[in-house]
Amino acid sequence: MKRVLIVDDAATVRMYHRGILESGGFAVEEALNGIEALEKALEANYDLLLVDINMPRLDGFGFLKEMRRQEIPQPPAIMVSTEAAARDETAAYRAGANCYLVKPVRPSQLLAHARLMLGEAGR
Amino acid sequence: MALLRTKAVEGAVEKAVPPGAKTFPGAADCEELTAGLESSNATERRQAARDLMRCPNAGAALVSRLKREQDLAVRAAILTILIRLDDPAATAELADCLRSEDVALRNEAIEALRELAVAGDRSGAVPPVLACLLADPDPDVRIFAVNVMESVSHPDVERWLIEVIENDSQVNVCAASLELLCEIGTEAAVDPLVRVKTRFASNAFIQFAADLALKRIVESDSR
């Protein structure tokens, strides 16, 4: 079972994304901010990251950059944000994201992108 | 050099008054400290920020520097002093940082506004600033305003959130409000929650969050 780490400070969003991913057969863990996510990424290997941008303590960009700086192997990362502005999309790819989705994400959209990132498109 | 001057000012003030007494440097000293914020040396800028704690009108200068400051330690010092100063003008300026393209600065501003609210917001500046931000034309700014509300214990918070889910046309602003209503919503939110579900009938997240809020309200009522 593929493991996904959801990094988001909003409990409702984490619950929503968890429900979608679990229904798609993924095992899900959660982190409330970039610092907590870094700690989890040091302890375990994840197949996919689902990362919010705006979070307290360490935002999504900072988290991905810090992973790189600490040379923690980074799995594919989907960045999600409420900001549809192109400025953040560009910054997300620069920070190391592989995909950028605008909230609120549709269940089918999230599952399709998660599978695509894992090379499982079409399942 | 600026650091030496800063320390000299601090020393002079400390010698002139008994320990524990509230002291304010003169206008000229505050001007000198403000100038220290522009030093090319990060340690001097941080020291100047700390010393400006004793200059009640320093908020605008501190926020101005914050918007350009790249050194994390100086940014942290400025934010700490801004929270302690609790200056209404500075709070409004801080709220302006929510429009920044710098994600870190935006998040720092959100955190500082939350901390101001938690720390008591003695000046009472946070709620009116938030009410104003909720009417901002930029939906992202409205979302950040809702994010700050999480820490604001003001009697109107639920009413503001209800107004958002009743009237805001942007789905993500409503989504942010729903997240908070899941935590603080009361019976007053029930009908608006039902209506927002109808308004965004095809949006899965709105359905999920509104149902969750309704469930929690019913559960808390039955306790």
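How many residues of chain A are in contact with residues of chain B? In this predicted model, 20 residues of chain A are in contact (heavy atoms within 4.5 Å) with 21 residues of chain B. Residues are numbered from 1 along each chain as its sequence is written, and chains are lettered from A in the order in which they are written. Local features need pLDDT of at least 70, side-chain atom pairs count only at pLDDT 80 or more, totals for chains, interfaces and linings use all residues, and side-chain values use heavy atoms, without hydrogens and water.

**The sheet of chain A**

- Five strands (DSSP E runs of at least two residues, numbered from the N terminus) form an open sheet in the order β2-β1-β3-β4-β5, with parallel pairing (at least two DSSP bridges between two strands).
- Its edge strands are β2 (27–31) and β5 (99–102) of chain A, each pairing on one side only.
- Strands β3 (residues 48–52) and β4 (residues 77–81) of chain A run parallel and are joined by four bridges.
- Opposite Val51(A) stands Met79(A) in β4(A).

**Where chain A meets chain B**

- About 1700 Å² is buried between the two chains (accessible area, 1.4 Å probe, lost on putting them together, summed over both), and carbon and sulfur atoms give 58% of that area.
- Helices α1 and α4 (86–95) of chain A (helices are DSSP H or I runs of at least four residues) each supply at least two residues of the side that touches chain B.
- The largest share of that side, four residues, comes from α1(A).
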